Amino acid sequence: VVSQGEDLINATFCVEYFMRWYSRNLRPSYVLKWEMIVDLVAFLPFLLEHIIPAEFGSLSFLRILRILRIRRFLRDRQSFAQLVGAKHADSISPFTFRLAQFIT
């Protein structure tokens, strides 16, 4: 069940990644941005496991980079509000925001 959930999340990351790139007219310069590189490396083991049938356990440490992806949304309350789907940053309590920062 956990593996299936992880695959679903990774597939969602992949789709979102390629949609962002497509929305920038597939410009190579956009893929070379720091955030895009981190996102690619975060789900690269998932892609390799499904494209090339082999054991990529040694690449699984790259999955820790997902935390960097989440940390981008925890820079300020406005970004965090966007992550959780709140309409205004003021609707996020400072305690909730700080707690989320602490946990990650």
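Start by selecting the contact between H1 and H3 in this predicted model. On the H1 side, pick Asp7, Asn10, Ala11, Phe13, Cys14, Tyr17, Phe18, Arg20 and Trp21. On the H3 side, add Met36, Asp39, Leu40, Phe43, Phe46, Leu47 and His50, which those residues meet. Contact here means heavy atoms within 4.5 Å. Colour by residue type and you get eleven nonpolar, two polar and three charged. For that colouring, Ala, Val, Leu, Ile, Met, Phe, Trp, Tyr, Cys and Pro count as nonpolar, Asp, Glu, Lys and Arg as charged, and the others, Gly among them, as polar.

Now show the two helices whole: H1 is residues 2-23 and H3 is residues 34-51. Helices are DSSP runs of H or I with at least four residues, strands are E runs of at least two, and both are numbered from the N terminus. Two packed helices are described by the angle between their axes and the distance between the axes. For H1 and H3 the angle is about 130°, and the axes lie 10 Å apart. The axes are lines fitted to C-alpha atoms over the stretch in contact, with angles running from 0 to 180 degrees between N-to-C directions. H1 and H3 are therefore oblique to each other; under 35 degrees would be roughly parallel, over 145 roughly antiparallel, 65 to 115 roughly perpendicular, and the rest is oblique. The crossing of H1 past H3 is left-handed, that is, the near helix is turned anticlockwise from the far one by less than a right angle.

Next stop: the loop between H1 and H2, where you should select asparagine 25 and leucine 26. Which sign does phi take at asparagine 25? Positive, near 60°, in a residue other than glycine. Leucine 26 is not a glycine either, and its phi is positive at about 55°. Most residues other than glycine have a negative phi. Turn on the surface: asparagine 25 is exposed, with a relative accessible area of 66%, while leucine 26 is partly exposed at 44%. Buried means under 20% relative accessible area, exposed over 50%, and partly exposed in between (1.4 Å probe, protein chains only).

Slide along to isoleucine 37 in helix H3. Isoleucine 37 is partly exposed at 34% relative accessible area. Leaving out residues up to four places away in sequence, isoleucine 37 touches Val31 and Leu32.

Then jump to isoleucine 92, in the loop between helix H5 (77-84) and helix H6 (94-103). Is isoleucine 92 buried or exposed? Buried, with a relative accessible area of 8%. Beyond its neighbours within four places in sequence, isoleucine 92 contacts Arg77, Phe80, Ala81, Val84, Ala86 and Phe97. Draw a C-alpha to C-alpha distance to alanine 81: 6.6 Å, for a pair eleven residues apart in sequence.

Finally, zoom out. The protein has six helices and zero strands, and 28% of its 104 residues count as buried. Colour by pLDDT, the predictor's confidence in each residue, from 0 to 100. The mean is 79, and 83% of residues reach 70 or more. Helix H2 (residues 28-31) has the highest mean among the elements, 92, and helix H4 (residues 66-71) the lowest, 68. Where pLDDT is low, the predicted coordinates should not be read in detail.

For your selections, residues are numbered from 1 along each chain as its sequence is written, and side-chain values use heavy atoms, with hydrogens and water left out. In this predicted model, local features need pLDDT of at least 70 and side-chain atom pairs count only at pLDDT 80 or more, while totals for chains, interfaces and linings use all residues.
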